[in-house]
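Work through the exercises below with the sequence and the coordinates at hand. Each task is followed by a solution in steps.

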Amino acid sequence: METKEALRKRRSCRHFLNKQIAKTDLQQIIWAGNTAPVGMGKYQNIHLTVVQNTEMLARLSSECAETWNGQRFDPRYGAPTLILVSAVLEKEPTAYANVACVVENMHLMATDLGLGSIYLWGFIKYLKQNEKLKCDLSIPSEFEPLSALAVGYAAKPMKEHDSKKLKIGINFID
Ligand SMILES: Cc1cc2nc3c(=O)[nH]c(=O)nc-3n(C[C@H](O)[C@H](O)[C@H](O)COP(=O)(O)O)c2cc1C
């Protein structure tokens, strides 16, 4: 897939089939994360945790459930693969930016592979507070989970981005 096509097709998927992704696809997604730009090249300050174990996924969904209009909902939308991205929080605030680059690269690779995926941040606040869950996920103690990518097969087709429409404000200094 060409870059422009992947950019057009990348959407946040919130409906997944109950079907696991292929190992080869997972490897490519992880590789894409590893090609992301990271401040001062400090890749050692980022850590990925790939969760595909159904019991752990159910536990994450229940212990980190989000609430919308008074209703609890599954923050990973039933996706069969969840990739948590953790970082060593340093004095400078680049950790969040680094993690965002890693997640976005994996999001685009998932799109390229014809998979559905979504950048997740909201439920992380519950995970951060849950020391037992972080420990059971074997997230190294010096790392803090900051974001995640949920991946699977999209249950329904997603609308592509308009190839002309601009949504972000802009000014030019000529
Ligand atoms: C930093 C960040 C955090 C996000 N967190 C969540 C989240 O917790 N839950 C969710 O459903 N979507 C989340 N999203 C997805 C956005 O809602 C989505 O990207 C945006 O509405 C644009 O839609 P699109 O991705 O389909 O183009 C997040 C996106 C980003 C970049």
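The exercises concern a predicted model, and they go from a central strand to the cores, the salt bridges, the backbone and the surface.

**Exercise 1. Decide whether the residues of β4 are buried or exposed, and find which strands pair with β4.**

Step 1. Take the two faces of the strand in turn. On one side of β4 are T81, I83, V85 and A87, and on the other are L82, L84 and S86; every one of these residues is buried.

Step 2. Count along the strand. Seven of the seven residues of β4 are buried, so the strand is largely enclosed by the rest of the structure.

Step 3. Look for bridge partners. β1 runs antiparallel to β4 and is joined to it by six bridges. Within this pairing, L48 has V85 as its partner in β4.

Step 4. Repeat for β6. Seven bridges hold β4 and β6 together, again in the antiparallel sense. Here S86 stands opposite P145 of β6.

**Exercise 2. Describe the largest nonpolar core: which members touch the most others, and which elements supply two or more residues?**

Step 1. Start from a general expectation. In soluble globular proteins, nonpolar side chains tend to be buried together.

Step 2. Identify the best-connected members. The largest nonpolar core has 22 residues, and those touching the most other members are V51, L60, L82, L84, F123, L127 and L137.

Step 3. Assign the members to elements. Two or more residues come from each of α3 (54–63), β4 (81–87), β5, α5 and β6 (144–152). Helix α3 gives the largest share, three residues.

Step 4. Examine one member, L82. Beyond its neighbours within four places in sequence, L82 is in contact with T49, V50 and V51, with L57 and L60, with R76, with L120 and F123, and with A148, L149 and A150.

Step 5. Check for a further core. Apart from the core just described lies another, of 21 residues, which include V99, M106, M109 and L146.

**Exercise 3. Find how many salt bridges the structure has, and place three of them in sequence and by exposure.**

Step 1. Search the whole structure. The result is seven salt bridges.

Step 2. Take the pair E160 and R8. Their side chains meet with an N to O distance of 3.0 Å. E160 is in the segment after β6 and R8 is in helix α1 (residues 3–9), so this salt bridge ties together parts 152 residues apart in sequence. E160 is partly exposed at 35% relative accessibility, and R8 is partly exposed at 29%.

Step 3. Take the pair E63 and R59. Their closest N and O atoms are 2.9 Å apart. Both residues belong to helix α3, where they are four residues apart, about one turn of the helix. E63 has a relative accessible area of 34% and is partly exposed; R59, at 23%, is also partly exposed.

Step 4. Take the pair K134 and E131. The N to O distance is 3.3 Å. Both residues lie in helix α6 (residues 131–136), three residues apart, about one turn of the helix. A residue is buried under 20% relative accessible area and exposed over 50%. K134 therefore counts as buried at 9%, while E131 counts as exposed at 55%.

Step 5. Look for linked salt bridges. R59, E63, K132 and D136 are linked in a network.

**Exercise 4. M40 and Y77 each have a positive phi; state where each residue is found and how exposed it is.**

Step 1. Examine M40. Its phi is about 55°, although M40 is not a glycine. The residue is found in the loop between α2 (23–34) and β1 (46–51). With 73% relative accessibility, M40 counts as exposed.

Step 2. Examine Y77. This residue is not a glycine either, and its phi is about 55°. Y77 is found in the loop between β3 (71–73) and β4. Its relative accessible area is 24%, so Y77 is partly exposed.

**Exercise 5. Name the residues that make the nonpolar surface patch of about 430 Å², and locate W121.**

Step 1. List the members. The patch is made by L89, Y96, Y119 and W121.

Step 2. Place W121. This residue lies in the loop between β5 (116–120) and α5 (124–129).

Step 3. Classify W121. Its relative accessibility is 56%, so W121 counts as exposed.

Methods: Residues are numbered from 1 along each chain as its sequence is written. This is a predicted model: local features need pLDDT of at least 70, side-chain atom pairs count only at pLDDT 80 or more; totals for chains, interfaces and linings use all residues. Side-chain values use heavy atoms; hydrogens and water are left out. Patches are made of residues with over 30% relative accessible area and no salt bridge: like charges are joined within 9 Å, nonpolar side chains (Val, Leu, Ile, Met, Phe, Trp, Tyr) within 5 Å. Accessible areas come from the Shrake-Rupley method with a 1.4 Å probe; for residues, only the protein chains shown count as cover. A salt bridge is a side-chain nitrogen of Lys or Arg within 4 Å of a carboxyl oxygen of Asp or Glu. Buried means under 20% relative accessible area, exposed over 50%, partly exposed in between (1.4 Å probe, protein chains only). A nonpolar core is a set of buried Ala, Val, Leu, Ile, Met, Phe, Trp, Tyr and Cys residues joined through side-chain atoms within 4.5 Å. Contact means heavy atoms within 4.5 Å. Two strands pair if DSSP finds at least two bridges between them.
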